[in-house]
Amino acid sequence: MTGAVKELADARTVAGFVFVTDESPVYLKAAAVGERVTMPLFKPPWIVVDHTPERVLVARWPGRLFRAHVVSPATDEERAAMARAADNLRSDAGYTRAIAVDLLEEISPSVLFGPQGDAVIRVIEAVIALDEEGARKLASARHPAADREYSKAWDRWLAELPKAVHNRNQDHASTLLIPGAGTSGSPIGHGFAVVWHMLRKSARLRGRAESFAVDEDGDEAVLDPWRTAGGALLDAAMAFGAPHLVDSHALAVLTRAWNVVFPSLNEAS
């Protein structure tokens, strides 16, 4: 992945990454490597080309990740459309809005979650298959000190970021993302957010009617055992996805519930 990112940095044309999910436009979902993809109508939503993997917004899962070049406009109509696409876009936004791209290569989406992205995807896949019984087992096995160790891992990561001073030494239990912290917002990109999103989806599909409630702010909140099970899965994503942030004690604490419920997944890895 490092080589691919360097290649993009050296490229003269605008290049980056396109992430395609089930909610992407049909013309993108049907595309393949080697093809030029052009919008049928030059109006929003535009094709988003993120300049680095860390910039990719993983709002849905699963998805396919492509390395792509933005196609330069060739006609007055295309130039006008590209100008509209770039309207109000900051120079440091980290992405380009395009009307056409060349798909050069398909890359494992694991790179979206950092160097240990495969391990994060293993946790996400466990969340996708989670049922009520599994949620209860995870909740029961979660270590009492897990919130503290999860929060400490966040602080270790924030300590590496000179501009994140105001976020340090806070309670980061259940934190999914800190916008503006580093390039990716978390030690594993949008990995924590994806874990929690899929946890809610599994609770909706396989949990009881009482798995959700409306909180004091009017927002829908997931309840136990799913809530605590989700915490256990965030713990595992931290331990496996950012191992440099956890010592041996923290590793044992953060992976206790995972090791009780999913020992075979550890063996498979």
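This short talk goes through the confidence, the cores, one helix and one strand pair of the structure above.

Let me begin with the caution that what we are looking at is a predicted model, whose mean pLDDT is 92, with 94% of its residues reaching 70 or more. The stretch I would ask you to set aside is residues 1–12, where pLDDT stays under 50 and for which the model has 14 contacts beyond four places in sequence.

Turning to the interior, the largest nonpolar core has 59 residues, and those with the most contacts inside it are Trp61, Phe113, Val123, Leu138, Leu233 and Met238. At least two residues of this core come from each of β1 (15–21), α4, α5 (132–141), α6, α7, α8 and α9 (248–261), and α8 is the element that gives the most, with ten residues. If we take Met238 as an example and leave aside its neighbours within four places in sequence, its contacts include Tyr150, Ala153, Trp154, Phe192 and Leu254, along with Pro187, Pro243, Leu245 and Val246. There is also a second, separate core of 22 residues, among them Val18, Phe42, Val71 and Ala81. As a general remark, nonpolar side chains in soluble globular proteins tend to be buried together.

Phe192, which I just named as a contact of Met238, brings us to helix α7, which runs over residues 191–206 and whose 16 residues reach 22 Å from the first C-alpha to the last, close to the 22 Å expected at 1.5 Å a residue. Which residues of α7 are buried? They are Gly191, Phe192, Val194, Val195, Trp196, Met198, Leu199, Ser202 and Ala203, and what covers them includes the helices α4 (117–128), α6 (146–158) and α8 (226–241), together with the strands β7 (212–214) and β8 (220–222).

On the strand side, β1 is mostly covered, in that seven of its seven residues are buried, and β1 pairs with β4 in the antiparallel sense over seven bridges. Within that pairing, Phe17 stands opposite Arg67 in β4.

Finally, let me stay with β4, which spans residues 63–70 and contains Val70. Is Val70 buried or exposed? Val70 counts as buried because its relative accessible area is 10%, where the cut-off for buried is under 20%. Not counting residues up to four places away in sequence, Val70 touches Val14, Val49, Met82, Thr96, Ala98, Ala100 and Val101. Of these contacts, Ala100 is 30 residues from Val70 along the chain, and yet the C-alpha atoms of the two are separated by 6.2 Å.

How values were computed
Residues numbered from 1 in each chain as written. Predicted model: local features only at pLDDT ≥ 70, side-chain atom pairs only at ≥ 80, totals over all residues. Heavy atoms only, no water. Helix = DSSP H or I, 4+ residues; strand = E, 2+ residues; numbered from the N terminus. Expected span 1.5 Å × (residues − 1). Buried < 20%, exposed > 50% of the residue type's maximum accessible area, 1.4 Å probe, protein only. Contact = heavy atoms within 4.5 Å. Core = buried A, V, L, I, M, F, W, Y, C linked by side-chain atoms within 4.5 Å. Pairing = 2+ DSSP bridges. pLDDT = per-residue confidence, 0-100.
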